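Take a walk through this chain, from confidence scores to core, pocket and backbone oddities. Keep the viewer open as you read.

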Amino acid sequence: MMTRRDLLGGVAAAALVPLAAGVSGAVAAAKAAGGFCRHVDPFIGTGGHGHTFPGATVPFGMVQLSPDTNTAGWDACSGYHIQDSTILGFSHTHLSGTGVGDMMDVLVVPRVGPVRLDPGTPDTPGEGYRAPFDHADEQASPGYYRVRLKDSGIEAELTATARAGLHRYRFPQGKAGAHLLIDLAHGFQDPAGSVTRITGATLRLVGNDTLVGGRQVHQWGQGRVIHFAMKLSRPFAGARLYTNDHALPEGAQEVQGAALKCVLDLPDAASAPLLVKVGLSAVDVDGALRNLDAEIPGWDFDGVRAAAVAAWEAELGRLAITKGGDAADLKIFYTALYHALLAPTLFSDVDGRYRAMDSTVRQLPAGANNYSTYSLWDTYRALHPLFTLAQPPRRVGDIVGGLVRMAEESPAGPPVWPLQGTETGCMIGWHSAVVLAEAAAKDIPGVDYARAWPVFRKQAFQGQTSGLPEYRRLGYIPSDTVEEAVSKTLEYAYDDWAIARLAEAAGAPDDARILRQRSLNYRALFDRDVTFMRPRFTDGSWAQPFDPRGMGHSRKWRDFTESNAWQATFLNQHDIYGYMAMFGGPAAFEAKLDELFTTSSDLPDDAPPDIAGLVGQYAHGNEPSHHIAYLYAYTGAHHKTQARVRSLLKTMYRADPDGLAGNEDCGQMSAWYLMSALGLYAVDPVTPIYVFGSPLFDQVEVTVGEGRTLTIEAAGNGPDSPYIQSVTWQGKPYARSWIRHADLMQGGRLVFTLGPKPNPAFGAGKDNQPPSFTGSSA
């Protein structure tokens, strides 16, 4: 498998869930004070390596209508970076926070003056259609984006529904040659900077106000298909089609090829705002037209924007901070929640048709939706646990049920990193198993786990790729024959633990027993002499040389995936007590955790940029570290979890464009913040409990289930008071450092009393420490 370094009315009622009726008075008051959207800053994450986009979208929407400032290089993965000073145009699909680029479909470029078909370069914007802009003339909020282009004076506004985007352009007076360029060749470029690889593209004019088309893109998502239908609010005066920048004869109505473009001439452009609406579909042009007509039947830009804001208010209100937090805290929290609701993305039409993982067009059952953009290596850790807690069960079932369909439909087997009907194969492991197992353990309705089991069983017992045969034969993956072998061994072991839970759900207890035992394979790579996970060769010897800060035993051969031995040594999420024994017991394991956070942060020069946000060798900027601060709870030193989590909340997130420690990764970086700010974290999502941390806000009301309220309070909270003195649940003293998911889903009141000094007695004692699977003797 590849890793990242290798590479309203009809406003989508099926995709949007309104805020539950009967919201609390505190939530109603928050809405009356101006709503939750006022706290969201979509520009957070657009700087540094956050890789987010600022444009218009709705929760889980198929359309992400946003400006593209660049298409080449690692920091162009979302199409936008805050340091850029020119805009290519506005395209309709974007990735949020990924480490690989793609999408940017159907670029619309408003211009005046001579037609320019080439984008030009950032250094010479006047030579192409790229336009300079000033961030002072730019605005973004949930469901809305606006910018003024400096050279032309054109003002662009964007809003969206689930499957369609709506543009509003105001052209300046006194400038001739107003036109729209639609560039169907536009998209993310590969690392070498070559053009976007496209096949099967078409453009077709329909009358004097409509353009339709589609393309197949061969980038990260190899062979993904997208179609569009575009309508203008008033007729264009003329239209010209181009292929490879050569104009077709006058009057041509359709063109096929690869590098396709269209220019639409706009008469009297300054007389009134021009509206452009674009529907998308992965199925066909007819699907794009139906989506467009269903979701934006008219030309009411402000009405569509208001519906998008209402959709965001409903979703943001599910986690309502009703007391505590300054302006920066609120901005970080609600922007994190906004980012957490951008993916997975809707990937089915209003009529229920969708493009499956085998490229066939299929029909969904009534009431179901299909989704795409599952960054599973990242999001199984905190985003999906957040969904199970704070999203309606029917939506969680929709999202998880889509993974079952993908497992059945995909020629590649269980989903790894699916993108628009294709399997990118990015990252390692099959962590869709974790998402399914978590949902099964939490009794998420509407998911047929038995249907998924044969696909995952085949992968576990017969899979031939990425070191699986060696893993089954040797009990580990050798580093002399398979790259990234240490990380793969450890993550396959955790996936075995998850697949064992699926086996139980499918009524296969013998397979479950085998997989649970095999989930202990991680132990084969633990060197007790140095107390690190480290690479091992086929003959059983340890690979040399060994540096726990290094990427591998060879400069040309990495043994770890976006991590090193320091981080990989704490990857175990399921057999924590058995693992502690290998160190010599809880005290020794606690000391090793202390060393992780206090050792030098120096890294070798070949370390990937993903290893970021360092505290010692703990790397908050990348997902393998995200559960580690909570491991202190298993040693009985829960106060260290409280202090460390509070410190990470306050130092790794800022209300700035460069406010994230690493890539946003489709919501995972934000979900860690959200769950931790609530005082809850799923160290092992397959075990349906949450370990306590240190709640950040004085009071938060969480809408759980189908409308119940979970109130989390932090009495005595303050910047210097992160330590839990005591906890009550439903008004009764609560001594455990963890709580069951099923209990929280009933709603109620969870009250933490915090103070400035540790209370080592809280969470101490075996009965009060979190449960964890323990297999055979260590």
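Confidence comes first. This is a predicted model, and its protein chain averages a pLDDT of 94. At least 70 is the score of 95% of the residues. One stretch needs care: over residues 5-22, pLDDT stays under 50. The model still has 45 contacts for residues 5-22 beyond four places in sequence.

Now turn to the interior. In soluble globular proteins, nonpolar side chains tend to be buried together. Here the largest nonpolar core has 202 residues. Leu180, Met230, Tyr334, Tyr673, Leu680 and Phe692 have the most contacts inside this core. Among the elements, helix H11, residues 485-505, gives the most to the core, with 12 residues. A second core, separate from the largest one, is made of 12 residues. Ala343, Trp377, Cys426 and Ile428 are among its members.

Tyr334 is a good residue to select in the viewer. Leave out residues up to four places away in sequence, and Tyr334 touches Phe36, His39 and Val40. Under that same filter, Tyr334 also touches Leu316, Leu319, Ala320 and Ile321.

Next, the open space. The largest pocket holds about 450 Å³. Its lining is made of 22 residues. Closest to the pocket centre are Pro119, Asp183, Ala185, Gln189 and Val195. By class, the lining has nine nonpolar, eight polar and five charged residues.

The backbone has its own points of interest. Which peptide bonds are cis? One runs from Ala343 to Pro344, with omega near 0°. Pro344 sits in the loop between helix H4 (327-340) and strand E19 (345-346). Ala343, on the other side of this bond, is a member of the second core. Another cis bond joins Gln544 and Pro545, at an omega of about -5°. Pro545 belongs to the loop between strand E26 (532-533) and helix H13 (565-568).

Positive phi values come next. Gln420 is not a glycine, yet its phi is positive, near 50°. Gln420 is placed in the loop between strand E23 (418-419) and strand E24 (422-423). Is Gln420 buried or exposed? Its relative accessibility is 3%, so Gln420 counts as buried. Glu484 is another non-glycine residue with positive phi, at about 60°. Its loop lies between helix H10 (468-474) and H11. Glu484 counts as buried because its relative accessibility is 4%.

Return to the loop between E26 and H13, where Ser563 is found. Pro545 lies in this loop too. Ser563 is buried, with a relative accessible area of 2%. Beyond residues up to four places away in sequence, Ser563 touches Ser487, Met551 and Ile611.

Finish in helix H15, residues 586-598, the place of Glu590. How does a charged side chain count here, buried or exposed? Glu590 has 18% relative accessibility. The cut-off for buried is under 20%, so Glu590 counts as buried. Leaving aside neighbours within four places in sequence, Glu590 is in contact with Tyr632, Thr635, Ala637 and Lys640. Pro509 is 81 residues from Glu590 along the chain. Their C-alpha atoms are separated by 35 Å.

Definitions and conventions
Residues numbered from 1 in each chain as written. Predicted model: local features only at pLDDT ≥ 70, side-chain atom pairs only at ≥ 80, totals over all residues. Heavy atoms only, no water. 1 Å grid on protein atoms, 1.4 Å probe; cavity = no way out; pocket = protein on both sides within 12 Å on 5 of 7 lines; lining within 4 Å. Points joined across faces, edges and corners; volume = space filled by probe spheres on them. Nonpolar A, V, L, I, M, F, W, Y, C, P; charged D, E, K, R; others polar. Core = buried A, V, L, I, M, F, W, Y, C linked by side-chain atoms within 4.5 Å. Buried < 20%, exposed > 50% of the residue type's maximum accessible area, 1.4 Å probe, protein only. Helix = DSSP H or I, 4+ residues; strand = E, 2+ residues; numbered from the N terminus. Contact = heavy atoms within 4.5 Å. pLDDT = per-residue confidence, 0-100.
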